[in-house]
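Visitor: Please choose one part of this model and take me through it closely, working from its partners outward to the segments that precede it in sequence.

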Amino acid sequence: MLNTIDRTGRVLNLFTAEAPEWGVTAVAAALGLPKSTTFDILTSLAEIGLLQQTSGDRYRLGWKLLAISRRLMSSSCFNAHTHHTITGLAKHLSATVTIGAWDGQGVVCIASGSASRTGPVPTEGTHLSGHASALGKLLMAQLSWAKVQERIDRYGLPALTANTVGDADGFRAQLSNVHQRGFAIEHGEAVIGHSCIAVGLYECERRMIAALAICTPSTTMRARQDEYVRIAQRTARTLLQHDASPKRQPPYCAT
């Protein structure tokens, strides 16, 4: 059963914006599976709507995933107010503001807003760097070192810039600093000349459910780091408090 679930996850992960359509032979080759097993998995996923068959033995992601995505957002504290808040903050600070969460494999973008129309802005659902981003450092700091080491052994610490942390000991020291400070920061590790700080959004039991990051040019961040940390923490509280209503007992607490 677990093996089937793992294979299903690996199949779904193949479908990206760059490679939106896959055939049975290509999936089997990419994952090292027998064609008969691959055919059964793809057929089953199509039957329940997670994939759709296009022509012959080729498949694309199914519309059922959109319905599941909407259920996920509507059952969490991230909604239209979230987008309005972070977009307004991004314009006010002339920065990029992003909310990300750990999906078990990496950092996934939940929402993002930016005052810039030219710089890189993550879109919802895209995966972000774990080791080179402030969001990733904060979220990975919540994992045991054994799990972090397992990811390093599997994926390494690929350099995105000359400043990207490149060794396990250095990364472990960064995660230790995150625990001590209560927030994460990176300078030019993901994009040269840009820096980000990230703070957590917590459940009442002090479990981090997501993180909020503010990204600006490095010169601005170095001059206003403490101010941006306070703004990010205040924004995180605002987002969580807005989810509370008389009709619904909020599962989240501001910290």
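Guide: Two strands are treated as paired when DSSP finds at least two bridges between them, and the elements themselves are DSSP runs numbered from the N terminus, helices being H or I runs of at least four residues and strands E runs of at least two. The model is a predicted one, in which local features need pLDDT of at least 70 and side-chain atom pairs count only at pLDDT 80 or more, whereas totals for chains, interfaces and linings use all residues. Residues are numbered from 1 along each chain as its sequence is written, and side-chain values use heavy atoms, with hydrogens and water left out.

The part to look at is strand β9, together with its surroundings. The protein chain has nine helices and nine strands, and six of the strands form an open sheet in the order β6-β5-β4-β9-β8-β7, with antiparallel pairing. At the edges stand β6 (127-128) and β7 (184-187), and because each has a single partner strand, one side of each is left without a neighbour in the sheet. Strand β9, by contrast, lies between β4 and β8 in that order.

On one side, β9 (residues 208-217) pairs with β4 (residues 96-102) in the antiparallel sense over five bridges. Within this pairing, Val97 stands opposite Ile214 of β9, while Ile99 has Leu212 as its bridge partner. On the other side, β8 (residues 194-202) and β9 are joined by nine bridges, again in the antiparallel sense, and here Leu201 stands opposite Ala210 of β9. Nine of the ten residues of β9 are buried (under 20% relative accessible area with a 1.4 Å probe, protein chains only; exposed means over 50%, and partly exposed lies in between), and β9 is therefore largely enclosed by the rest of the structure. For the protein chain as a whole, buried residues make up 40% of the 255 residues.

If one follows the β4 side back in sequence, the loop between α5 and β4 holds Ser94. With 54% relative accessibility, Ser94 counts as exposed, and its phi is near 55 degrees, a positive value in a residue other than glycine. Most residues other than glycine have a negative phi.

Helix α5 itself spans residues 80-93 and includes Thr85, which counts as buried because its relative accessibility is 17%. Leaving aside neighbours within four places in sequence, Thr85 is in contact (heavy atoms within 4.5 Å) with Thr235 and Leu239. Thr85 also has a spatial relation to Thr238, for the two are 153 residues apart in sequence, yet 8.8 Å separates their C-alpha atoms. On the scale of the protein chain, among the contacts with a separation of 6 or more, 53% involve residues 24 or more positions apart.

To draw the path together, β9 has five bridges to β4 and nine to β8, and the segment that leads into β4 passes from α5 through the loop that carries Ser94.
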